Amino acid sequence: FYMNSKDKQYTVRNTSPRSITHMAQVSPKPLQMVEDQLNQWGGEQVQLQNSTGRRRASERHKVMALDMTNRPRDMRAVGQFGQAAVVPPDRQEESWSRWSEGYFNVFLSEQIPVDRAIPDTRPPACAENLVHDDLPMTSVIFCFMDEVWSTLLRSVHSVLNRSPPHLLKEVLLVDDCSTKDYLKEKLEAYMSQFPKVRIIRLKERHGLIRARLAGAAVAKGDVLTFLDSHIECNVGWLEPLLEQVYMERKRVACPVIEVISDKDMSYVMVDNFQKGIFKWPLVFGWSTLSQDVIKKNNMNDSDPIRCPVMAGGLFSIDKQYFYELGTYDPGLDVWGGENMELSFKIWMCGGEIEIIPCSRVGHIFRGENPYKFPKNRQKTVERNLARVAEVWLDEYKELFYGHGYLHLLDRNGMDIGNLTEQIQLRKKLGCKSFSWYLENIYPELEAPIVKAEGPVSLKSETRTELLIQWMPSFVLQNQHFNYSWVRTFRQDASCVSPHKTGTGVAMEPCDNTKPHLRWLHKSTQVLTDHLIAEASPQQVCLEAEPEGGGVFLKACEAANPFQKWQFTHYYAQ
Ligand code: LR7
Ligand code: MN
């Protein structure tokens with residue numbers, strides 16, 4: 001409603017993959033009905049999580065699902081009960097002009113009570129579950145950089161109002177060197193009314209990864225619960241997370257992340273049965289469990305869902321375990337990649353990640369970051385991901401680089417920093433291989449280790465003559481060649497290389513950082529079957545002499561049958 005086509009700045013991009021494909025609108029209910037439901041949450045005995053972990057059940061008991069929202073509620077308040085708020089016609093200009101303060105509707109957010117009620121979106125079975133009466137206490141850690149005042153407050157209120165006091169040790173607000181005056185001047189005064197809230201100011205901008213580490217370093221709770229600074233915790237959100245961590249200390253528990261609309265601030269329920277996954281090159285996404293899987297495992301909508309990776313922002317982890325794992329790689333800057341790093345580390349080093357459907361937290365998904373990156377955003381994220389790939393992906397890092405990051409391999413001007421400590425940590429922890437992870441934790445991922453392989457022959461050859469016959473001078477072990485993701489054409493550790501001078505080819509030790517070892521194959525429209533020496537100034541292709549005389553490099557010709565090659569197996573284009 002406030003989209004202004006004249007002004008690009010306010011164009012609303014829908015960046016949350018969930019809000020496009022996996023979102024179900026909360027069914028609109030008449031106000032009175034919602035209020036009745038809310039009245040129930042206040043006093044109802046809600047039982048949580050009857051789990052069967054390794055720890056012996058001591059006493060499990062019923063707990064209240066807290067909702068300490070001010071009563072009596074202002075039924076008419078804007079956005080009350082998580083409903084959509086509307087900008088009055090005479091305030092539209094104002095609301096547009098404030099969009100870029102947070103890249104969501106900052107104007108509306110300010111109108112909404114900081115402790116509004118939201119609909120209880122938990123699956124019904126959650127209310128039947130039990131939790132132990134000796135759950136550990138958690139520190140809740142928010143780190144923020146120039147967060148909008150009203151959303152920061154609403155985040156904190158939702159934690160204070162919906163967490164059982166005996167489980168909430170403290171709320172840590174880690175200010176990652178914000179520039180906004182209201183955050184510098186008013187925050188202490190406002191938060192001083194809440195004894196559990198502590199503010200930590202970083203002297204320089206570190207980014208969310210090291211800001212979280214600064215929070216963790218001073219946290220007093222036995223469990224760390226990290227949250228983004230523009231969220232709303234739903235009723236009963238905390239108990240099931242702590243229950244899971246308590247039952248198995250190497251289990252990392254994530255809430256279901258619901259959507260707070262950036263446009264109208266409504267609280268939107270998401271579909272059930274979704275897990276966190278990644279696609280190449282390490283891009284986070286959601287995937288809905290198939291009906292087959294749900295049936296085969298006899299799953300209910302309240303059962304924990306094992307996730308190959310976590311979204312990153314919202315999770316509970318045993319504090320000691322977090323440190324045993326070596327926390328995050330502190331060499332990761334500002335934003336991005338740390339969710340991949342921690343996820344691989346957890347799974348490969350003996351832990352597990354689950355989404356707990358009985359725990360639900362809304363998050364404002366935004367089209368843009370409302371803060372600047374000290375360096376360039378793209379370069380920061382790439383560098384972080386390259387660190388993760390180098391430490392955790394083993395031979396699969398070629399898939400990461402091959403999906404658009406080949407320039408990182410050349411290392412021209414890109415310093416990804418020292419990785420010795422991270423590599424040593426992985427050794428020390430005795431972590432499993434990435435291929436183990438793929439096989440056991442994320443078998444659905446398509447991850448062929450090479451693009452093509454097998455004996456290579458001329459495409460037109462009816463006699464299935466093999467490349468090896470044209471390369472008699474090479475000491476080749478066998479007839480098997482690989483065409484790799486980083487576009488090397490290789491046999492074991494030897495790569496086919498164009499001679500620096502002349503028209504011959506030779507074998508030389510593979511080195512992924514050397515662009516002259518790259519060949520294009522199946523990636524151009526016209527010369528699709530050719531093997532094009534990528535770094536050659538003129539376009540030259542591998543060509544066979546008729547009658548098995550040898551191979552050499554020659555100017556590429558689209559129709560030349562002696563330049564058209566095929567591998568026996570292709571796995572990807
Ligand atoms: O320099 C910074 N310093 C900070 O303190 C940059 C950010 N931050 C804070 C920021 O104020 C916010 O509270 O860090 C938090 C996350 O930043 P956002 O909200 O700008 O990013 P996001 O929601 O797009 O981030 C998702 O991916 C990040 C990758 O590094 C982190 O893992 C975020 O925690 C993560 N958020 C979620 O998982 C919520 C659900 C999103 C999804 C999917
Ligand atoms: Mn966020």
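Let me start with strands E23 and E24, the latter covering residues 532–533, which run antiparallel and are joined by two bridges; here Leu-520 stands opposite Ile-532 in E24. I should say at once that what we are looking at is a predicted model.

That pair belongs to an open sheet of four strands, ordered E23-E24-E25-E26, with antiparallel pairing. Strand E23, residues 519–520, and strand E26, residues 551–555, are at the edges, and because each has a single partner strand, one side of each is left without a neighbour in the sheet.

Let me turn now to Asp-115, which sits in the loop between helix H4, residues 106–111, and strand E4, residues 128–129. Is this aspartate buried or exposed? The computed relative accessibility is 14%, and since buried means under 20%, Asp-115 counts as buried. As for its surroundings, if we set aside the neighbours within four places in sequence, Asp-115 is in contact with Thr-69, Asn-70, His-157 and Asn-161. In the case of Thr-69, the two residues are 46 apart in sequence, while their C-alpha atoms are 5.6 Å apart in space.

My last residue is Lys-345, in helix H12, which spans residues 338–348. Lys-345 counts as buried, with a relative accessibility of 0%. What lies 3.4 Å from a polar atom of the Lys-345 side chain? It is the backbone oxygen of Leu-325. Not counting residues up to four places away in sequence, Lys-345 touches Leu-325, Gly-326, Thr-327, Tyr-328 and Asp-329, and also Trp-392, Gln-422 and Leu-425.

How values were computed: Residues are numbered from 1 along each chain as its sequence is written. Chains are lettered from A and ligands numbered from 1 in the order in which they are written. This is a predicted model: local features need pLDDT of at least 70, side-chain atom pairs count only at pLDDT 80 or more; totals for chains, interfaces and linings use all residues. Side-chain values use heavy atoms; hydrogens and water are left out. Two strands pair if DSSP finds at least two bridges between them. Buried means under 20% relative accessible area, exposed over 50%, partly exposed in between (1.4 Å probe, protein chains only). Contact means heavy atoms within 4.5 Å. A polar contact is a pair of N or O atoms within 3.5 Å; within protein, one must be able to donate a hydrogen and the other to accept it, and residues adjacent in sequence count only if both atoms are side-chain atoms.
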